Amino acid sequence: MSILVFTTAMLLAGAQLNSADSPLLAPVLPMVSIESLYEDEAPSGFAPGAGALAVSEVAVPAESMALASDSDMEQNEIVVQGRRHEPTPGDPLESFNAQSYEITQDVDKVIVAPAAMAYRDALPAPVRSGIRNFFNNLAEPIVFLNFLLQIKPGKAVETLGRFAINTTIGGAGLLDMAKRRPFNLPLRRNGFANSMGYYGIKTGAFLYLPLIGPTTVRDLIGLTLDKLVLPVAIGKPFNQPYYSIPSALVGTIDYRVEFDAELRRIREESADPYAASRDNYLRSRQAEIDELRGIRPAMSAPDGVTSGTGPLVQPVLPPAEPAAPAISGKSAPPNP
(Lines give C-alpha, C1' and ligand atoms only; values in the text may rest on other atoms or scores of the structure.)
Protein backbone atom coordinates (compact mmCIF):
# COMPACT_ATOMS: atom_id res chain seq x y z
CA MET A 1 0.00 0.00 0.00
CA SER A 2 2.83 2.38 0.85
CA ILE A 3 4.48 1.73 -2.51
CA LEU A 4 1.22 2.56 -4.30
CA VAL A 5 0.82 5.86 -2.51
CA PHE A 6 4.47 6.81 -3.21
CA THR A 7 4.09 5.99 -6.90
CA THR A 8 0.94 8.06 -7.13
CA ALA A 9 2.68 11.08 -5.58
CA MET A 10 5.58 10.86 -8.01
CA LEU A 11 3.24 10.68 -10.98
CA LEU A 12 1.37 13.72 -9.80
CA ALA A 13 4.64 15.62 -9.41
CA GLY A 14 5.75 14.67 -12.89
CA ALA A 15 2.42 15.76 -14.34
CA GLN A 16 2.87 19.10 -12.68
CA LEU A 17 6.31 19.52 -14.25
CA ASN A 18 4.94 18.76 -17.72
CA SER A 19 1.82 20.85 -17.30
CA ALA A 20 2.56 23.80 -15.00
CA ASP A 21 -0.60 25.51 -16.07
CA SER A 22 -2.89 22.62 -15.19
CA PRO A 23 -5.92 24.09 -13.38
CA LEU A 24 -6.65 20.86 -11.57
CA LEU A 25 -3.29 19.98 -10.12
CA ALA A 26 -2.02 23.44 -9.28
CA PRO A 27 -4.41 24.18 -6.41
CA VAL A 28 -4.05 20.70 -4.92
CA LEU A 29 -0.35 19.97 -4.91
CA PRO A 30 0.82 22.77 -2.64
CA MET A 31 -1.26 21.22 0.13
CA VAL A 32 0.43 17.79 -0.27
CA SER A 33 3.69 16.99 1.54
CA ILE A 34 5.66 13.76 1.46
CA GLU A 35 5.75 13.63 5.25
CA SER A 36 1.94 13.59 5.39
CA LEU A 37 1.79 10.71 2.86
CA TYR A 38 4.26 8.65 4.84
CA GLU A 39 3.16 9.00 8.38
CA ASP A 40 5.56 6.55 9.99
CA GLU A 41 7.86 5.27 7.26
CA ALA A 42 9.30 6.22 3.88
CA PRO A 43 10.60 4.09 1.02
CA SER A 44 14.16 2.96 1.31
CA GLY A 45 16.60 5.49 -0.08
CA PHE A 46 14.08 8.33 0.08
CA ALA A 47 14.82 11.43 2.13
CA PRO A 48 11.52 12.96 3.26
CA GLY A 49 12.90 16.44 3.83
CA ALA A 50 14.43 16.72 0.39
CA GLY A 51 11.37 15.20 -1.25
CA ALA A 52 9.06 17.60 0.43
CA LEU A 53 11.19 20.52 -0.74
CA ALA A 54 11.16 19.24 -4.31
CA VAL A 55 7.38 18.86 -4.35
CA SER A 56 6.89 22.30 -2.82
CA GLU A 57 9.04 23.95 -5.46
CA VAL A 58 7.27 22.21 -8.31
CA ALA A 59 3.76 22.65 -7.04
CA VAL A 60 3.71 26.49 -6.86
CA PRO A 61 0.88 27.62 -9.16
CA ALA A 62 1.56 30.02 -12.00
CA GLU A 63 -0.92 32.46 -10.46
CA SER A 64 1.09 32.50 -7.23
CA MET A 65 4.29 33.11 -9.17
CA ALA A 66 2.67 36.05 -10.90
CA LEU A 67 1.50 37.49 -7.59
CA ALA A 68 4.94 37.06 -6.10
CA SER A 69 6.50 38.89 -9.06
CA ASP A 70 4.04 41.74 -8.71
CA SER A 71 4.74 41.95 -4.98
CA ASP A 72 8.49 42.08 -5.59
CA MET A 73 7.98 44.86 -8.14
CA GLU A 74 5.92 46.83 -5.64
CA GLN A 75 8.61 46.41 -3.00
CA ASN A 76 11.22 47.70 -5.45
CA GLU A 77 9.22 50.80 -6.36
CA ILE A 78 10.49 54.16 -5.09
CA VAL A 79 7.72 56.02 -3.28
CA VAL A 80 8.28 59.71 -2.50
CA GLN A 81 6.27 60.93 0.43
CA GLY A 82 6.24 64.53 1.70
CA ARG A 83 6.00 65.05 5.43
CA ARG A 84 3.31 67.49 6.41
CA HIS A 85 4.65 70.63 8.05
CA GLU A 86 3.41 70.91 11.59
CA PRO A 87 2.73 74.46 12.90
CA THR A 88 4.94 75.77 15.67
CA PRO A 89 3.34 75.22 19.09
CA GLY A 90 1.34 78.31 20.00
CA ASP A 91 1.16 79.41 16.35
CA PRO A 92 -1.56 77.30 14.68
CA LEU A 93 -2.06 79.97 11.99
CA GLU A 94 1.64 80.10 11.16
CA SER A 95 1.17 80.07 7.39
CA PHE A 96 -1.33 82.96 7.46
CA ASN A 97 0.73 84.90 10.00
CA ALA A 98 3.94 84.56 7.98
CA GLN A 99 2.19 85.85 4.85
CA SER A 100 0.70 88.74 6.79
CA TYR A 101 4.13 89.53 8.16
CA GLU A 102 5.69 89.64 4.68
CA ILE A 103 2.95 91.94 3.37
CA THR A 104 3.31 94.20 6.39
CA GLN A 105 7.06 94.48 5.88
CA ASP A 106 6.59 95.38 2.22
CA VAL A 107 4.17 98.14 3.19
CA ASP A 108 6.56 99.34 5.87
CA LYS A 109 9.45 99.64 3.42
CA VAL A 110 7.38 101.47 0.82
CA ILE A 111 5.17 103.73 2.98
CA VAL A 112 5.72 103.76 6.73
CA ALA A 113 9.51 103.85 6.91
CA PRO A 114 9.82 106.77 4.45
CA ALA A 115 7.06 108.64 6.31
CA ALA A 116 8.79 107.99 9.64
CA MET A 117 12.12 109.29 8.35
CA ALA A 118 10.43 112.38 6.95
CA TYR A 119 8.76 112.93 10.34
CA ARG A 120 12.12 112.56 12.08
CA ASP A 121 13.82 115.03 9.77
CA ALA A 122 11.01 117.58 9.95
CA LEU A 123 10.61 117.70 13.74
CA PRO A 124 13.41 118.24 16.27
CA ALA A 125 13.93 115.61 18.94
CA PRO A 126 12.41 117.75 21.77
CA VAL A 127 9.20 118.15 19.80
CA ARG A 128 8.97 114.42 19.11
CA SER A 129 9.65 113.74 22.80
CA GLY A 130 6.83 116.09 23.78
CA ILE A 131 4.39 114.24 21.51
CA ARG A 132 5.47 110.94 23.01
CA ASN A 133 5.03 112.28 26.56
CA PHE A 134 1.55 113.55 25.70
CA PHE A 135 0.34 110.13 24.59
CA ASN A 136 2.04 108.44 27.52
CA ASN A 137 0.17 110.73 29.90
CA LEU A 138 -3.17 109.89 28.29
CA ALA A 139 -2.44 106.22 28.96
CA GLU A 140 -1.92 106.71 32.71
CA PRO A 141 -5.60 106.17 33.66
CA ILE A 142 -5.51 102.70 32.04
CA VAL A 143 -2.26 101.90 33.85
CA PHE A 144 -3.74 103.10 37.16
CA LEU A 145 -6.90 101.02 36.75
CA ASN A 146 -5.00 97.83 35.98
CA PHE A 147 -2.64 98.22 38.92
CA LEU A 148 -5.75 98.36 41.08
CA LEU A 149 -7.07 95.19 39.43
CA GLN A 150 -3.74 93.49 40.17
CA ILE A 151 -3.97 94.60 43.82
CA LYS A 152 -0.87 96.77 43.61
CA PRO A 153 -2.03 99.93 45.41
CA GLY A 154 1.47 101.41 45.74
CA LYS A 155 2.08 101.46 41.99
CA ALA A 156 -1.48 102.59 41.38
CA VAL A 157 -0.94 105.63 43.63
CA GLU A 158 2.37 106.43 41.93
CA THR A 159 0.67 106.26 38.53
CA LEU A 160 -2.09 108.58 39.69
CA GLY A 161 0.55 110.97 41.01
CA ARG A 162 2.36 110.92 37.67
CA PHE A 163 -0.83 111.77 35.86
CA ALA A 164 -1.62 114.68 38.18
CA ILE A 165 1.90 116.15 38.03
CA ASN A 166 2.37 115.87 34.28
CA THR A 167 -1.14 117.09 33.46
CA THR A 168 -0.57 120.26 35.51
CA ILE A 169 3.03 121.41 35.75
CA GLY A 170 4.02 119.20 32.84
CA GLY A 171 1.85 121.16 30.41
CA ALA A 172 -0.86 118.58 29.69
CA GLY A 173 1.78 115.87 29.63
CA LEU A 174 4.14 117.40 27.07
CA LEU A 175 6.88 117.36 29.72
CA ASP A 176 7.50 114.33 31.92
CA MET A 177 8.11 116.27 35.12
CA ALA A 178 7.09 113.33 37.33
CA LYS A 179 10.23 111.34 36.58
CA ARG A 180 12.47 114.23 37.64
CA ARG A 181 13.51 115.24 41.12
CA PRO A 182 12.03 115.58 43.65
CA PHE A 183 9.20 113.28 42.43
CA ASN A 184 11.21 110.41 40.92
CA LEU A 185 8.12 108.60 39.67
CA PRO A 186 9.10 106.26 36.82
CA LEU A 187 7.01 105.61 33.75
CA ARG A 188 5.25 102.24 33.89
CA ARG A 189 3.07 100.41 31.41
CA ASN A 190 0.03 98.29 32.09
CA GLY A 191 -3.17 97.14 30.47
CA PHE A 192 -6.03 94.66 30.60
CA ALA A 193 -4.02 92.01 28.74
CA ASN A 194 -1.50 92.09 31.57
CA SER A 195 -4.24 91.79 34.16
CA MET A 196 -5.61 88.72 32.39
CA GLY A 197 -2.13 87.21 32.24
CA TYR A 198 -1.52 88.10 35.86
CA TYR A 199 -4.54 86.01 36.87
CA GLY A 200 -3.48 83.04 34.79
CA ILE A 201 -5.40 83.45 31.53
CA LYS A 202 -3.36 81.84 28.75
CA THR A 203 -2.18 83.72 25.68
CA GLY A 204 -4.12 81.71 23.14
CA ALA A 205 -2.93 81.51 19.54
CA PHE A 206 -0.30 83.88 18.26
CA LEU A 207 -1.56 86.30 15.60
CA TYR A 208 0.18 88.66 13.21
CA LEU A 209 -2.52 90.99 11.98
CA PRO A 210 -2.45 93.87 9.51
CA LEU A 211 -2.82 97.25 11.25
CA ILE A 212 -2.03 95.64 14.62
CA GLY A 213 1.16 93.63 14.21
CA PRO A 214 2.20 90.81 16.58
CA THR A 215 -0.34 89.89 19.23
CA THR A 216 -2.21 86.94 20.75
CA VAL A 217 -5.87 86.22 21.35
CA ARG A 218 -5.54 87.34 24.96
CA ASP A 219 -3.62 90.49 24.08
CA LEU A 220 -6.09 91.39 21.34
CA ILE A 221 -8.99 91.20 23.80
CA GLY A 222 -7.04 93.23 26.34
CA LEU A 223 -6.16 95.83 23.74
CA THR A 224 -9.82 96.22 22.81
CA LEU A 225 -10.67 96.87 26.45
CA ASP A 226 -7.83 99.41 26.68
CA LYS A 227 -9.28 101.25 23.71
CA LEU A 228 -12.68 101.59 25.37
CA VAL A 229 -11.61 103.24 28.63
CA LEU A 230 -11.27 106.89 27.60
CA PRO A 231 -14.00 106.89 24.90
CA VAL A 232 -16.49 105.35 27.36
CA ALA A 233 -15.39 107.19 30.51
CA ILE A 234 -14.88 110.64 28.96
CA GLY A 235 -16.33 110.61 25.46
CA LYS A 236 -15.31 113.47 23.21
CA PRO A 237 -12.78 113.95 21.73
CA PHE A 238 -11.50 110.41 22.35
CA ASN A 239 -14.43 108.78 20.59
CA GLN A 240 -14.22 110.99 17.52
CA PRO A 241 -12.37 110.15 14.28
CA TYR A 242 -10.81 113.61 14.08
CA TYR A 243 -8.82 112.69 17.20
CA SER A 244 -8.32 108.93 16.94
CA ILE A 245 -7.08 108.79 13.34
CA PRO A 246 -4.40 111.54 13.52
CA SER A 247 -3.24 110.35 16.93
CA ALA A 248 -2.91 106.82 15.58
CA LEU A 249 -0.80 107.95 12.65
CA VAL A 250 1.45 110.24 14.67
CA GLY A 251 1.93 107.73 17.47
CA THR A 252 2.77 104.89 15.09
CA ILE A 253 5.23 106.97 13.07
CA ASP A 254 6.94 108.26 16.22
CA TYR A 255 7.28 104.73 17.55
CA ARG A 256 8.69 103.63 14.20
CA VAL A 257 11.35 106.33 14.38
CA GLU A 258 12.32 105.38 17.90
CA PHE A 259 13.17 101.79 16.99
CA ASP A 260 14.33 102.15 13.40
CA ALA A 261 17.89 100.94 14.08
CA GLU A 262 16.67 97.87 15.98
CA LEU A 263 14.21 97.00 13.23
CA ARG A 264 16.90 97.11 10.58
CA ARG A 265 19.24 95.01 12.71
CA ILE A 266 16.69 92.23 13.17
CA ARG A 267 15.78 92.19 9.49
CA GLU A 268 19.39 91.91 8.43
CA GLU A 269 20.65 89.47 11.06
CA SER A 270 17.73 87.07 11.52
CA ALA A 271 17.65 83.94 9.36
CA ASP A 272 13.85 83.85 9.79
CA PRO A 273 12.62 87.37 10.65
CA TYR A 274 9.02 86.25 11.13
CA ALA A 275 9.98 83.55 13.63
CA ALA A 276 12.31 85.99 15.38
CA SER A 277 9.49 88.54 15.59
CA ARG A 278 7.06 85.99 17.00
CA ASP A 279 9.48 84.49 19.51
CA ASN A 280 10.66 87.89 20.67
CA TYR A 281 7.11 89.09 21.18
CA LEU A 282 6.02 86.02 23.13
CA ARG A 283 9.18 86.02 25.22
CA SER A 284 8.83 89.71 26.03
CA ARG A 285 5.18 89.37 26.95
CA GLN A 286 5.87 86.43 29.24
CA ALA A 287 8.68 88.40 30.89
CA GLU A 288 6.27 91.25 31.59
CA ILE A 289 3.69 88.97 33.16
CA ASP A 290 6.38 87.25 35.23
CA GLU A 291 7.66 90.61 36.38
CA LEU A 292 4.20 91.63 37.56
CA ARG A 293 4.09 88.40 39.57
CA GLY A 294 7.55 89.09 40.99
CA ILE A 295 9.10 86.05 39.30
CA ARG A 296 11.98 87.81 37.60
CA PRO A 297 13.18 91.37 36.88
CA ALA A 298 11.64 93.41 34.14
CA MET A 299 13.28 93.53 30.74
CA SER A 300 15.05 96.70 29.73
CA ALA A 301 12.82 99.31 28.12
CA PRO A 302 13.43 102.71 26.51
CA ASP A 303 12.86 106.17 27.92
CA GLY A 304 13.33 105.29 31.56
CA VAL A 305 10.57 102.69 31.73
CA THR A 306 11.63 100.75 34.82
CA SER A 307 8.79 98.29 35.39
CA GLY A 308 5.37 97.25 34.22
CA THR A 309 4.57 95.91 30.79
CA GLY A 310 6.76 97.88 28.44
CA PRO A 311 5.51 99.22 25.11
CA LEU A 312 3.82 95.96 24.14
CA VAL A 313 0.51 96.46 25.86
CA GLN A 314 0.39 100.20 26.17
CA PRO A 315 2.66 101.90 23.64
CA VAL A 316 3.36 105.59 23.36
CA LEU A 317 -0.11 106.02 21.93
CA PRO A 318 -3.56 106.78 23.28
CA PRO A 319 -5.56 103.71 24.26
CA ALA A 320 -7.33 103.69 20.92
CA GLU A 321 -4.08 102.62 19.29
CA PRO A 322 -2.70 99.10 18.71
CA ALA A 323 -0.17 97.59 21.04
CA ALA A 324 2.53 97.69 18.38
CA PRO A 325 3.09 99.77 15.27
CA ALA A 326 0.52 98.85 12.69
CA ILE A 327 2.96 98.61 9.80
CA SER A 328 6.36 97.91 11.25
CA GLY A 329 5.00 95.10 13.41
CA LYS A 330 7.55 95.50 16.20
CA SER A 331 7.25 94.84 19.87
CA ALA A 332 9.40 95.62 22.86
CA PRO A 333 12.18 95.23 21.96
CA PRO A 334 10.80 95.88 18.48
CA ASN A 335 10.35 93.14 15.98
CA PRO A 336 10.80 93.55 12.24
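Student: What phi does Gly 294 take just after α13?

Tutor: A positive one, about 80°. Bear in mind that this is a predicted model.

Student: What makes α13 count as largely enclosed by the rest of the structure?

Tutor: Buried means under 20% relative accessible area. In α13, 14 of the 20 residues are buried, so the helix is largely enclosed by the rest of the structure.

Student: How do you know what span to expect for α13, residues 273-292?

Tutor: The expected span is 1.5 Å times one less than the number of residues. With 20 residues, that gives 28 Å for α13, and the helix reaches 29 Å from its first C-alpha to its last, so the two values are close.

Student: Why is the set with Phe 135 and Leu 138 called a nonpolar core?

Tutor: A core of this kind needs buried nonpolar residues joined through side-chain atoms within 4.5 Å. The largest one here has 8 residues: Phe 135, Leu 138, Ile 142, Phe 192, Val 229, Leu 230, Phe 238 and Tyr 243. Helices α7 (125-149) and α10 (217-233) each supply at least two of them, and α7 gives the largest share, 3 residues.

Student: Which residues does Phe 238 touch, leaving out those up to four places away in sequence?

Tutor: Leu 138, Leu 230, Pro 231 and Tyr 243.

Student: What makes up the contact of α11 with α12, by class?

Tutor: Helices α11 (241-258) and α12 (260-269) pack at about 65°, axes 4 Å apart. Arg 256, Val 257 and Glu 258 of α11 meet Asp 260, Leu 263 and Arg 267 of α12. Asp, Glu, Lys and Arg count as charged, so the tally is 4 charged, 2 nonpolar and no polar residues.

How values were computed:
Residues are numbered from 1 along each chain as its sequence is written. This is a predicted model: local features need pLDDT of at least 70, side-chain atom pairs count only at pLDDT 80 or more; totals for chains, interfaces and linings use all residues. Side-chain values use heavy atoms; hydrogens and water are left out. Axes are lines fitted to C-alpha atoms, for helices over the stretch in contact, and angles run from 0 to 180 degrees between N-to-C directions. Helices (H or I, at least four residues) and strands (E, at least two) are DSSP runs, numbered from the N terminus. Contact means heavy atoms within 4.5 Å. Buried means under 20% relative accessible area, exposed over 50%, partly exposed in between (1.4 Å probe, protein chains only).
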